[in-house]
Amino acid sequence: MSPAPYSHKLRVSQLNARRPLALELAPDAEARARIAAHLGLLALPQLRLTGTLSPAPNDSWLLEGRLTAQVEQGCVVTLAPVATAIAEDVRRVYSPHAADPEGDEIEMPDDEIEPLGPIIDPGEVLVEELALALPLYPRAPGAALPDDPDSGEDAAGDTRRPFAGLAALLRKDGDDNGN
């Protein structure tokens, strides 16, 4: 497993259990370049996570915040750079009562609840939430494939209906057999 491209570890034993901790993570240019390379981005000019890490009931900790970023990805059609602004709310609960899933077949637990260990890493959360917020298929304005149904053009030889002529062929075969 490759090392995390960005980390901001906080020891749970050093957190004040009576007061929230304000968080403001803004990776520098070098860290943003590592994150961009890790996520396959062309560029990552801006990235910030602001929020709080607060004590929660049952010896848990609550991380709430807002992720904002400017990302540049390659267009899936033309490979031209596509700039996207991202703004996502972030919420994680770190509970000592949650456990990592084990076994071959597992039921996925609530995606907001994480097992509480000796360290909470908001930097890891920043990278993970950014990865989840990225557009899967970025497309430059006006970029379209020749047979793209969204392009407004009909493709010659509609390949989306491979059995369109099957009924006519079956009727024709039936006529040849004397039916």
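This is a short tour of one protein chain, stop by stop, for use in a viewer.

**The whole chain**

Start with everything shown. The model is predicted. Its chain has 179 residues, and 29% of them count as buried. Look for three helices and seven strands. Trace them from the start of the sequence, and the pattern reads β-β-α-β-β-β-β-β-α-α. Now turn on the surface. The accessible area comes to about 12,300 Å², with 50% of it belonging to carbon and sulfur atoms. Contacts reach along the chain too. Among those with a separation of 6 or more, 62% join residues 24 or more positions apart.

**Helix H1**

Select residues 29-39, which make up helix H1. Which residues of H1 are buried? Colour Ala31, Arg32, Ile35 and Ala36: these are buried. They sit on the same side of H1, because they cover an arc of only 140° around the axis. Rotate to the face turned away from that side. There you meet Glu30 and Ala37, both exposed.

Next, show strand E3 (43-56) and helix H2 (122-133). The buried residues of H1 pack against both. Then step past the end of H1 to Gly40. Its phi is positive, near 75°.

**Arg32**

Stay in H1 and select Arg32. Arg32 is buried, yet it has no salt bridge. How far away is the nearest side chain of opposite charge? That side chain is Asp28, and it is 6.3 Å away. A salt bridge needs a nitrogen and an oxygen within 4 Å. Now show the residues around Arg32. Setting aside neighbours within four places in sequence, its contacts are Pro27, Leu44, Pro45, Gln46 and Leu47.

**Salt bridges across strands**

The whole structure holds seven salt bridges. Select Glu24 and Arg48 for one of them, at 2.5 Å from N to O. Glu24 is in strand E2 (residues 21-25) and Arg48 in strand E3, so the pair ties together parts 24 residues apart in sequence. Glu24 is exposed, at 55% relative accessible area. Arg48 is partly exposed, at 34%.

Move on to Asp89 and Arg66. They form a salt bridge, with the closest N and O atoms 2.8 Å apart. Asp89 is in strand E5 and Arg66 in strand E4 (residues 60-74), a separation of 23 residues. Asp89 is exposed, with a relative accessible area of 58%. Arg66 is partly exposed, with 35%.

**A salt-bridge network**

Select Glu129 and Arg92. Their closest N and O atoms are 2.9 Å apart, in another salt bridge. Glu129 lies in helix H2 and Arg92 in strand E5, so this pair ties together parts 37 residues apart in sequence. Are these two buried or exposed? Glu129 is buried, at 14% relative accessible area. Arg92 is buried as well, at 3%. Add Glu114 and Glu128 to the selection. Salt bridges with shared partners join them with Arg92 and Glu129 into one network.

**Thr84**

Remain in strand E5 (residues 81-95) and pick Thr84. Thr84 counts as buried, at 19% relative accessibility; the cut-off is under 20%. Its contacts beyond four places in sequence are Ala69, Gln70, Val71, Gln73 and Pro135. Now add Pro138. Thr84 and Pro138 are 54 residues apart in sequence, but 8.6 Å apart in space, C-alpha to C-alpha.

**A nonpolar patch**

Finish on the surface. Select Phe163, Leu166, Leu169 and Leu170. They form a nonpolar patch with about 450 Å² of accessible area together. Zoom in on Leu170, in helix H3 (residues 166-176). Leu170 counts as exposed, at 55% relative accessibility.

Definitions and conventions:
Residues are numbered from 1 along each chain as its sequence is written. This is a predicted model: local features need pLDDT of at least 70, side-chain atom pairs count only at pLDDT 80 or more; totals for chains, interfaces and linings use all residues. Side-chain values use heavy atoms; hydrogens and water are left out. Buried means under 20% relative accessible area, exposed over 50%, partly exposed in between (1.4 Å probe, protein chains only). Helices (H or I, at least four residues) and strands (E, at least two) are DSSP runs, numbered from the N terminus. The arc is that of the directions from the helix axis to the C-beta atoms. Contact means heavy atoms within 4.5 Å. Lys and Arg count as positive and Asp and Glu as negative; His and the chain ends are not counted. Patches are made of residues with over 30% relative accessible area and no salt bridge: like charges are joined within 9 Å, nonpolar side chains (Val, Leu, Ile, Met, Phe, Trp, Tyr) within 5 Å. Accessible areas come from the Shrake-Rupley method with a 1.4 Å probe; for residues, only the protein chains shown count as cover.
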